[in-house]
Amino acid sequence: MSAITVKNLTKTYEKGKILAVDNISFEVGKGELFGLIGPDGAGKTSIFRMLTTLLLPDKGKASVDGFDVVRDFKKIRNTVGYMPGKFSLYQDLTIEENLNFFATVFNTTVEENYSLIKDIYIQIEKFKTRRAGKLSGGMKQKLALCCALIHKPTTLFLDEPTTGVDPVSRKEFWDMLKRLKEQGITILVSTPYMDEANRCDRIALIQSGKILSIDTPAAIINSFSEKLYAIKANKMYPLLKLLELFPQRKSSYAFGEFAHAVFDPQMEDNELIKYLEERGLKQIEIEIIEPTIEDTFIKLLSRYNHAQE
Ligand SMILES: Nc1ncnc2c1ncn2[C@@H]1O[C@H](COP(=O)(O)OP(=O)(O)OP(=O)(O)O)[C@@H](O)[C@H]1O
């Protein structure tokens with residue numbers, strides 16, 4: 001049995017005017033670390049809120065540990081841990097008080113399940129009398145994770161747990177998730193950061209409430225079958241504009257300090273260099289690179305947008 005089953009789930013707001021989740025289906029296996037990857041407004045929070053029984057679906061079905069999200073909502077609330085993107089902590093309570101509060105709500109004690117949170121808690125323990133409102137982003141995130149874990153959930157729902165957190169704390173956080181997964185906890189996590197997708201067993205790329213692709217990160221990257229170029233020149237904006245006009249271009253976009261582009265397979269590198277040089281660009285560098293998840297997402301997005309036109 002899967003830990004999470006989602007079938008044709010749909011959610012609208014404002015009397016059907018806003019389609020936030022559009023007929024999506026997926027399954028998460030027991031002990032799997034599964035990522036929902038997508039930009040702001042893609043529908044991730046709506047999915048989390050339906051799965052944690054805080055929001056009713058318009059259509060479709062979903063279950064967690066075999067319990068239906070509508071019919072068995074009380075059972076689900078007792079067995080899952082949820083770390084919402086915002087406002088999960090009581091800002092005026094200290095670290096200690098927040099943790100005790102969440103333990104009491106679930107009829108347990110911090111001592112009873114301490115082994116599960118120990119690794120994380122020891123990193124914030126020396127600030128245990130500090131109010132949550134006065135903690136750094138990384139510390140808040142660790143406390144929120146402890147609070148979500150304190151009743152020993154079977155499944156953890158983490159909605160953008162690393163948004164607004166520094167890169168070192170982000171990395172530490174993913175290391176923690178890996179350890180929790182090793183203890184058999186199923187984890188559904190959302191993130192807008194493409195680099196974090198690689199840390200998941202499987203991911204679903206989401207846009208406008210739809211799943212564009214669902215697979216392991218490696219398989220998603222492998223589905224990018226074309227030759228991808230990284231291109232640099234002395235001026236970025238003219239480079240992007242010129243690439244758009246290059247007759248053999250299939251797609252191009254800014255990617256950090258480079259432009260990434262796909263061309264007709266017959267294109268010769270020299271043709272491109274000559275084209276750019278003749279139009280005044282200098283210090284041109286061209287390299288064929290391995291695509292990232294982000295490149296694949298951009299490609300799927302443009303295919304999706306074309307289909308909508
Ligand atoms: N209560 C609401 N009323 C109206 N529209 C809403 C409501 N909640 C979400 N939406 C809209 O539904 C869509 C999906 O939002 P959702 O919050 O689920 O996405 P998300 O991927 O979690 O993005 P974010 O990270 O910005 O929260 C967006 O267009 C959003 O504006």
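**Figure 1. The whole protein, with 11 helices and 14 strands.** Helices (H or I, at least four residues) and strands (E, at least two) are DSSP runs, numbered from the N terminus. This is a predicted model, in which local features need pLDDT of at least 70 and side-chain atom pairs count only at pLDDT 80 or more, while totals for chains, interfaces and linings use all residues. Residues are numbered from 1 along each chain as its sequence is written. Taken along the principal axes, the C-alpha atoms fill a box of roughly 70 × 45 × 35 Å. Of the 309 residues, 38% are buried. Here a residue is buried if 20 or more other C-beta atoms lie within 10 Å of its own, exposed if 12 or fewer, and partly exposed in between, with C-beta atoms placed from the backbone. Among contacts between residues at least 6 apart in sequence, 70% join residues at least 24 apart; two residues are in contact if their C-beta atoms, placed from the backbone, lie within 7 Å.

**Figure 2. The open sheet of four strands, with helix 1 packed on it.** Let's walk across the sheet. Its strands come in the order 2-1-4-5, and the pairing is antiparallel. Strand 2 and strand 5 (67-68) are the edge strands, each pairing on one side only. Helix 1 touches strand 1, strand 2 and strand 4, and its direction makes about 120° with that of strand 1. For such angles, axes are lines fitted to C-alpha atoms, for helices over the stretch in contact, and the angles run from 0 to 180 degrees between N-to-C directions. Strand 1 (residues 4-13) and strand 4 (residues 59-64) are joined by five bridges; two strands pair if DSSP finds at least two bridges between them. Look for I4, whose bridge partner in strand 4 is V64.

**Figure 3. The ligand and the 13 residues that surround it.** The closest residues are Y13, A20, D40, T45 and S46. A residue counts as near the ligand if its C-beta atom, placed from the backbone, lies within 6 Å of it. Two elements give two or more residues to this shell, namely strand 2 (18-28) and helix 1 (44-51). Helix 1 gives the most, with three residues. By type, the shell divides into four nonpolar, five polar and four charged residues. In this grouping Ala, Val, Leu, Ile, Met, Phe, Trp, Tyr, Cys and Pro count as nonpolar, Asp, Glu, Lys and Arg as charged, and the others, Gly among them, as polar.

**Figure 4. Strand 3, covered on both faces.** Five of the five residues of strand 3 (residues 33-37) are buried, so the strand is largely enclosed by the rest of the structure. On one side are L33, G35 and I37, and on the other F34 and L36. In a regular strand the side chains alternate between the two faces of the sheet. Five bridges link strand 3 to strand 8 (residues 186-191), and the two run parallel; in strand 8, F34 has L188 as its bridge partner. Strand 3 also pairs with strand 9 (residues 202-207) in the parallel sense, over four bridges, and there I37 has L205 as its bridge partner.

**Figure 5. Helix 4, with a buried side and an exposed side.** The buried residues of helix 4 (residues 114-121) are I117, I120 and Y121. Seen down the helix axis, they fall within an arc of 90°, so they line one face of the helix; the arc is that of the directions from the helix axis to the C-beta atoms. An α-helix has 3.6 residues a turn, so residues three or four places apart point the same way. The buried residues of helix 4 pack against helix 5 (137-149) and helix 6 (167-182). S115 and K118 are exposed on the face turned away from the buried side.

**Figure 6. Helix 9 and its neighbours.** In helix 9 (residues 236-245), L239, L242 and L243 are buried. These residues cover an arc of only 105° around the axis, which puts them on the same side of helix 9. Their cover includes strand 11 (228-232), strand 12 (249-255), strand 13 (258-263) and helix 10 (269-278). On the face turned away from the buried side, Y237, K241 and L245 are exposed.

**Figure 7. N107 and E160, two residues with a positive phi.** Most residues other than glycine have a negative phi. N107 is not a glycine, yet its phi is about 60°. N107 sits in the loop between helix 3 (95-105) and helix 4, and is exposed, with 9 other C-beta atoms within 10 Å. E160, not a glycine either, has a phi of about 45°. The place to find E160 is the loop between strand 7 (155-159) and helix 6; E160 is buried, with 21 other C-beta atoms within 10 Å.
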